[in-house]
Amino acid sequence: MIEATALSRQFGNFVAVDNVNLNVPDGAILALLGPNGAGKTTTVRMLAGLMAPSSGSANVAGYDVVRDPAAVRARIGLVTDVPGLYAQMTLPDYLEFFGKIYGLSGPILRQRVAGLIEFFELSEHQHERMVGFSKGMKQKVALARALLHEPSVLFLDEPTSGLDPLAARAVRELIVGLKHARRTIVLCTHDLGEAERLADEIAIIQRGRIVAHGSPAGLRLGATPDTLVRIELAQPVPAALAAIAGHARVSAPDESLASGRTVLSFRTPCPDAVNPEIIGELVGLGARIVSVNCETRSLEDVYSAMVGEQPLAIGSDIPGMLIGKGSEN
Amino acid sequence: MLQPNVLESPVVSPLRPPSDLRVMFLIARRGSVEALRDRMTVMMSLFFALILPLVLVVAVLLPLKNDQSSLERVLAIYVLIIGLMPASSAIGIASGQFAGEKEQGNLTPLLASPASNLAIFGGKVVCAVAPSIIFSLAAEVCYLIYLTLFLGIDTLRLLPPGISLAMIVLVPVTSLFAAIVASLISSRVRTFNTAQQVSGLALIPLWAVVIGLSFKLQDWGTLAVVAMVAGLALIDLALTVASAKTWRREEVLSKQ
């Protein structure tokens, strides 16, 4: 479990992390999103007992990160974007070295190392020095190292960075498995799809502050309840747009041409009810419907809006709805 | 694709962490083995241990073969010079231990472990100094062999036992000082090259002072050289304790 209250960290006059509040229960995955330099790594370092906060407090796996950072470090596993291996060592030597530092020894250590090597399908490489390992293999070794001492909390910073799709999928499967084994996981990633698939909660950090915090679905819904509906017609129907605009729960009706076909679009908060009615009316007007496409706001749209890099594709009311769930609560 | 046995492991309470001394040993052993696998370090150390004593004996001491008084004066000081040359590799190894590992990104896992600051810093200092001491010892043995081969076994009798022994002890004591200073510098800069350059600049004067003082103190007798060794050993001890107490892992991270 992770609890952080008003966690802040300054480097001179620069505020790297500003008043961050987090609460991640056992068996939950929190994804930390944000641009480079937003404060994700500093937040993780403070929570991992690697760096003392300038102010605020945090409790990780039952221990205070300020008063007992060594106890915190003994109970967490950390994987950074760079695997950070001693490349001249063999895999078993490397894992045994870290196992001993964490207090494992004898048959338990050997069993654990052998189990992880088998688990990560690295058995055939265990006699080779790790200098020749691929990025994916190195990342697996880093994960094995982080799991050696069976930590209750895991900090994974870009764990799938640079991995091929199959290796990345394997790592994601592992993360889900670890969650089911009641590990608390903090996942720093730039892969919004990965965050959406894996995380129970997402916190978006910008300039050291949490600017949005909630479940992936909550963030999307909080951004706007509207669904954008596009209906493609085989040929124009003069009364179609007026029919759509006549609906009470429809906004921003529009008609355009795309690839020589008429596309009608509108927004609605309740597509389940509105779409069948409108489609029925259009068919009644003689429209030949080619396709119907519904789009909710993606996490990428929410993220772009929060970090201020791109204008919103749909709606414009995101920030006010989301700020405060994380940092202000 | 992944077998589930590892995932089924229960979340257990952590094991009792090993003592600082044990962790220090583990870090020192790993680092030393890695340093001895580095071809450049080994080649440089072998040159200093095997070739340089030969060059010095042949080029400097052999011409003095018939000048016993001059030979007597320089034989002991060459024990120190020849021992200190391979010890310079301690600077390179120490530079690699913090700054080098930071550059390669493999320092963070160790810093994220429950190992204490004392164990990490102490382990890295020992790992920097241990291989260099092995090569220094080899250099001293080679020196004695070359003296015997080129100047005859009787030349060994010209080595003053007390001062020679003090010179031999001075080698690890000076190497340790160099390793501590280089480790401190290495933990506070960003790159391996910077660490090596700053350490070199800081420690070359030390080498000169130690050799110069030893040369002078020989005239005052064995006790003066022993006092110098004891003094430097005390400085080492104080510096080790002070460094380990003041060194902070977050300082290392903040330089990344």
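Biologist: Which residues lie nearest the centre of the largest pocket, and how many line it?

Modeller: In this predicted model, the lining of the largest pocket counts 38 residues, and B:D38, B:T41, B:G92, B:G96 and B:F192 lie nearest its centre. The elements of chain B that give two or more residues to this lining are α1, α2 (39-61), α3 (68-87), α4 and α8 (192-220). With ten residues, α4(B) gives the most.

Biologist: Why is this space called a pocket?

Modeller: It is called a pocket because the set of points is open, with protein on both sides within 12 Å along at least five of seven lines. The volume of the largest pocket is about 980 Å³.

Biologist: What makes a lining residue nonpolar, polar or charged?

Modeller: The residue type decides: Phe counts as nonpolar, Asp as charged, and Gly is among the polar ones. On that rule the lining of the largest pocket divides into 17 nonpolar, 14 polar and seven charged residues.

Biologist: What lines the second largest pocket, close to its centre?

Modeller: The second largest pocket has a volume of about 610 Å³. Of its 27 lining residues, A:T41, A:T42, A:R45, A:D81 and A:D157 are the closest to the centre. At least two lining residues each come from β2 (14-24) and α1 (40-47) of chain A and from α10 of chain B, so both chains take part. The largest share, five residues, is that of α1(A). By class, the lining has ten nonpolar, eleven polar and six charged residues.

Biologist: And what makes a space a cavity instead?

Modeller: A cavity is a set of points where a 1.4 Å probe fits but cannot get out. Searching the whole structure with a floor of 30 Å³ or more gives one cavity, and about 70 Å³ of space lies in the largest cavity.

Biologist: Which residues line that largest cavity?

Modeller: Its lining is made of A:I76, A:G77, A:L78, A:F98, A:Y102, A:R145, A:A146, B:P109 and B:A112. Each of these has an atom within 4 Å of a cavity point, and therefore counts as lining. β6 (76-79) and α5 (135-147) of chain A each supply at least two of the residues, with β6(A) giving the most, three. The classes are seven nonpolar, one polar and one charged.

Biologist: How do you know that chains A and B touch?

Modeller: Contact means heavy atoms within 4.5 Å, and 40 residues of chain B are in contact with 47 residues of chain A. The area buried between the two is about 4,000 Å², with carbon and sulfur atoms giving 63% of it. On the chain B side, the elements that give two or more residues are α1 (20-37), α4 (89-104), α5 (108-111) and α10 (249-254). The largest share there, eight residues, comes from α1(B). That side has 21 nonpolar, ten polar and nine charged residues.

Biologist: Why is the salt bridge count between the chains zero?

Modeller: A salt bridge needs a side-chain nitrogen of Lys or Arg within 4 Å of a carboxyl oxygen of Asp or Glu. The count between chain B and chain A is zero, so no pair across the interface was counted under that rule. The polar contact rule does find three residue pairs across this interface, both residues at pLDDT 80 or more.

Biologist: How many helices and strands does chain B have?

Modeller: Chain B has ten helices and zero strands. Its C-alpha atoms fill a box of roughly 80 × 40 × 35 Å along the principal axes.

Key:
Residues are numbered from 1 along each chain as its sequence is written. Chains are lettered from A and ligands numbered from 1 in the order in which they are written. Side-chain values use heavy atoms; hydrogens and water are left out. Buried area is the accessible area (1.4 Å probe) that two parts lose on being put together, summed over both. A polar contact is a pair of N or O atoms within 3.5 Å; within protein, one must be able to donate a hydrogen and the other to accept it, and residues adjacent in sequence count only if both atoms are side-chain atoms. Helices (H or I, at least four residues) and strands (E, at least two) are DSSP runs, numbered from the N terminus. Grid points are joined across faces, edges and corners, and a volume is the space filled by probe spheres set on the points.
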